[in-house]
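Me: I'd like a close look at a single part of this model, with its surroundings followed outward from there. Could you take me through it step by step?

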Amino acid sequence: REIAVARELRGGTIATIRGDFAEAAGCFAVVRERAEALGVERTRVGEDDTILMLLLLFGYQRQAAAVQPLLDRYAEAYPEDAWHITVARAQIALEREEMAEARRHYQVFRATGFRTVFGGRASLPKSETRVRIADLCVRLGDAADAELLYGMLIRGKNLCVAEAALVSMGSFGRPLGELALLRGDVSGARDHFERALEVNER
């Protein structure tokens, strides 16, 4: 039965990437039903992972707004995770070209130096979150923001950004190149983009 759950989860992920959201919804409904039959309980970590995966998969197709209802319910259940929720809301606002709203959300995590705040403590966000913020910075930030985020990403310059080995966001070189351009470093940007192509073709 565990294999059947994994098969449906894989099918739902592939369907989401293809843009077949009806099929994906059906697969994920089966996953939930079978997981409950196995006695698997919903957990905070599980909900975190679900929100993140959906944001990555839908965001890849510029349809992150589809996650909005789920995000709103999550925000109500876990208000202490407001920082991460704000990043997602900025992404959705930008996707809708609601620039004033996107900038309002962007200022929240900009004020923390782009460090996640949870339980009153600031720490370096996960790599996928740093890349999502870098993408927001390219549209909403300035050279100083780009400099700070560049320093937070540079160690991964020869690597790919991945979440739980399920979703790959490609090479760190792509966001590094875009941040370098925002900093005015055209030569550095070119090097990062060329490296990103090499890494992505591996």
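Reply: Happy to. A good place to begin is Asp145, which is buried, with a relative accessible area of 7%. Please keep in mind that this is a predicted model.

Asp145 has a charged partner: it forms a salt bridge with Arg110, and the closest N and O atoms are 2.9 Å apart. This pair links distant parts of the chain, since Asp145 belongs to helix H8 and Arg110 to helix H6, 35 residues apart. The two ends of the bridge sit in different accessibility classes: Asp145 is buried at 7%, while Arg110 is partly exposed, with a relative accessible area of 25%. The cut-off that matters here is 20%, because buried means a relative accessible area under that value. A third residue joins in, as Arg110, Asp142 and Asp145 are linked in a network of salt bridges.

Asp142 has another contact at the start of H8. There, one of its side-chain oxygens reaches to within 3.1 Å of the backbone nitrogen of Ala144.

Now for the helix itself. H8 covers residues 143-153, and its buried residues are Asp145, Ala146, Leu149, Tyr150, Met152 and Leu153. These residues cover an arc of only 160° around the axis, which puts them on the same side of H8. The general background is helpful at this point: an α-helix has 3.6 residues a turn, so residues three or four places apart point the same way.

What lies over that buried side? The cover includes helix H6 (99-110), helix H7 (127-140), helix H9 (173-183) and helix H10 (186-200). We can visit these one at a time.

H9 comes with a contact to an H8 ring: the charged end of Arg183 sits over the ring of Tyr150, 4.2 Å from its centre. Within H9, the residues Gly173, Pro175, Leu176, Gly177, Leu179 and Ala180 are buried. Just after H9, Gly184 takes a positive phi of about 90°.

H10 holds Arg190. Arg190 counts as partly exposed, at 46% relative accessibility. Between Arg190 and Arg174 there are 9.9 Å in space, C-alpha to C-alpha, and the two are 16 residues apart in sequence.

H7 brings in another salt bridge, this one between Arg139 and Glu97, with the closest N and O atoms 3.3 Å apart. Here too the pair links distant parts of the chain: Arg139 is in helix H7 and Glu97 in the loop between H5 and H6, 42 residues apart. Arg139 is partly exposed, with a relative accessible area of 38%, and Glu97 counts as partly exposed as well, at 45% relative accessibility.

Going on to H5 (residues 82-95), we find Arg89, which pairs with Asp72 in helix H4 (residues 68-77), 17 residues apart. Their side chains meet in a salt bridge of 3.0 Å, N to O. Arg89 is partly exposed, with a relative accessible area of 27%, and Asp72 is partly exposed too, with a relative accessible area of 34%. For the wider tally, the structure holds ten salt bridges.

The last stop is the aromatic side of the model. A pair of aromatic rings is described by the distance of the centres and the angle of the planes. The structure holds five aromatic pairs. One of them joins Tyr74 and Tyr78, a tilted pair with 4.9 Å centre to centre and 55° between the planes. Tyr74 counts as buried at 5% relative accessibility, and Tyr78 is buried with a relative accessible area of 15%. A further tilted pair is that of Tyr106 and Phe114, with 5.8 Å centre to centre and 50° between the planes. Tyr106 counts as buried at 0% relative accessibility, and Phe114 is buried with a relative accessible area of 1%. Tyr106 and Phe114 also belong to a wider group, because Trp83, Tyr106, Phe109 and Phe114 form one aromatic cluster.

To come back to where we began: Asp145 is one of the buried residues of H8, and its salt bridge with Arg110 is part of the network that takes in Asp142.

Methods:
Residues numbered from 1 in each chain as written. Predicted model: local features only at pLDDT ≥ 70, side-chain atom pairs only at ≥ 80, totals over all residues. Heavy atoms only, no water. Phe/Tyr/Trp six-rings, centres within 6.5 Å; stacked < 30°, edge-to-face > 60°. Buried < 20%, exposed > 50% of the residue type's maximum accessible area, 1.4 Å probe, protein only. Lys NZ or Arg CZ within 6 Å of the ring centre and 35° of its normal. Helix = DSSP H or I, 4+ residues; strand = E, 2+ residues; numbered from the N terminus. Arc of directions from axis to C-beta. Contact = heavy atoms within 4.5 Å. Polar contact = N/O pair within 3.5 Å; in protein donor to acceptor, adjacent residues only side chain to side chain. Salt bridge = Lys/Arg side-chain N within 4 Å of Asp/Glu carboxyl O.
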